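User: I am new to this structure and would like a close look at a single part of it. Could you walk me through one helix and then set it in its surroundings?

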Amino acid sequence: MTRAAQRPQPALRPEAIGFLDALVIGLAATSPAYSLAAVIGPVVALVGVHAPGVVLASFVPMLLIAGAFAALNRADPDCGTTFSWVTRAFGPTTGWIGGWAIAMTGVLVVGSLAEVGVRFTLLALGLDSWEASTPLVVALSVLLVVLMAALCVLGTELSARVQNGLVLAQTVALAVFAVVAVVRGVRGDAPSGGLTPSWDWLDPSGAGGTALTGGLLLGVFAYWGWESAVNLTEETRDPLRAPGRAGVLSTVVLLLTYLGVAVAVVSFAGTGFLAGNADEEEAVFALLSAQVLGGWDWVVLVAVATSAVASTQTTVIPASRTALSMARRAALPARFGSVSQRFRTPDVSTWWVAAVAVAWYVGVHLVSENALLDSITALSLLIALYYALTGLACAWFFRRRLTRGVRDLLLLGAGPLAGAAVLLWLLVLSVRDLADPANSYGGQAWFGVGPPLVIGVGILLAGVVLMLLWRRRDARFWQERPGVAGDPPPAS
């Protein structure tokens, strides 16, 4: 063995960021403006004026799972989050699958986020002809992914400073849009005449069973990403408490943001316009911005652009930190555990995530744009899976503490289990809905079912195959045994 091989890897830089930085990164990873733009039309098409109620209902399982993240992080502040915790609760095989699910969500979505950032930046600059050129947009999107990965490698502090500016820009832009939209809607100064907001809009049950479940599936996607704050636990000051609190608070801030914008959009545009343009996805904001703000429509375009650009960077964080954690435990090749001597960031895993994400984005884009959109739809399967695993792991890991008092029973047991149950229910519904080719973007079947289901299941099966191959080569990780609260974390 060479001296270089014997040299211990440097650790991630401790105390690189504070609580507010972690909160901002958690918010940025959800891409609030982009998420709203992508889901508001389809949600309104399903539930009408009860869209704000669905946003509220979707928040509940997210808050419960965020509580599970916070509790587990106090017991085991590991940057691998779900991977590490599920391994400790249920064993290496289940933990490996949880880590794979997190990593692959980043791979699936990073290129698409970059594309949205590029398209809306070009629209905001008035370069509509450039935005209409698919080869140019794809090339700029790849360049943006590389740039964001480079920022991640150059340092967590630098990443946090960039995110502070991007989140501030989209927050101000969304606030301006929401205030103007709701005022004009209430006054009736809107193309459709506007609607007056009502407390009944917050009742998700008014939408009916099938519509509600479909809306909840979209709502979960809108909240997804806040856990990036917890993936930075080893680089955050007060690592036992600050990252978990940042994750929980980010879900609350998202709720307030989503409710405000959802009410404003429905009030201004009405359900007919939004439902009629549901297939436009994020473009619905581009259509609305000119109607709401007139010549200031670039404000909303900037909001979506900065939102997508910010999320392009922060979505790399969970995947790269999870790969780092897995490599430290010998669940992946050791090279994925490399930490830059200079910048104290996971350099190899970050570049691998970026490279695979670019390859996926370009490769699927060459197949068809519908296939790329279907791959984003498949995210719901992976998201629901690893969130549910985390909730179950929390209740099982802390099982000996559940009888100590009502607080522990609710926060460590009942809450995480309830959140996991909702997400598992949504997972089953996703499988059912995505099996229907009519629910795919192209409307065509792959192997007799919808392409999103094929992509989601295919990615999980690919993970199982890779796991078995690596276990044959190096079985050290599979010698770990599940534990309970109070056990020391395994050595990295």
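Analyst: Happy to. Let us start with the whole: buried residues, those under 20% relative accessible area (exposed is over 50%, partly exposed in between, with a 1.4 Å probe and protein chains only), make up 57% of the 492 residues in the protein. Please keep in mind that this is a predicted model, in which local features need pLDDT of at least 70, side-chain atom pairs count only at pLDDT 80 or more, and totals for chains, interfaces and linings use all residues. Residues are numbered from 1 along each chain as its sequence is written, and side-chain values use heavy atoms, leaving out hydrogens and water.

The protein has 20 helices and zero strands; both are DSSP runs numbered from the N terminus, helices being H or I with at least four residues and strands E with at least two. The part to look at is helix α20, residues 451-473. This helix has 23 residues and reaches 33 Å from its first C-alpha to its last, close to the 33 Å expected at 1.5 Å a residue. That expected span is 1.5 Å times one less than the number of residues.

Which residues of α20 are buried? They are Pro451, Pro452, Leu453, Ile455, Gly456, Ile459, Gly463, Met467 and Trp470. The buried residues of α20 pack against α6 (92-124), α16 (347-367), α17 (369-377), α18 (379-397) and α19 (406-434).

One of those partners, α17, contains Leu373. Leu373 counts as partly exposed because its relative accessibility is 26%. In sequence Leu373 is 42 residues from Ala331, and their C-alpha atoms are 31 Å apart in space.

Now back to the wider setting. Contact means heavy atoms within 4.5 Å, and of the contacts with a separation of 6 or more, 80% are between residues 24 or more positions apart. The C-alpha trace spans about 70 × 55 × 50 Å along its principal axes. The radius of gyration is 22 Å, which agrees with the value near 23 Å for a compact globule of 492 residues; it is taken over C-alpha atoms, and the globule rule is 2.2 Å times the number of residues to the power 0.38.

Finally, the cysteines. The structure holds zero disulfides, a disulfide being a pair of cysteine sulfur atoms within 2.5 Å. The sulfur of Cys79 is too far for a bond, because the closest cysteine sulfur, in Cys152, is 13 Å away. Cys79 is buried, with a relative accessible area of 0%. Cys394 is in no disulfide either, and the nearest cysteine sulfur, that of Cys79, is 19 Å away. Cys394 also counts as buried, at 0% relative accessibility.
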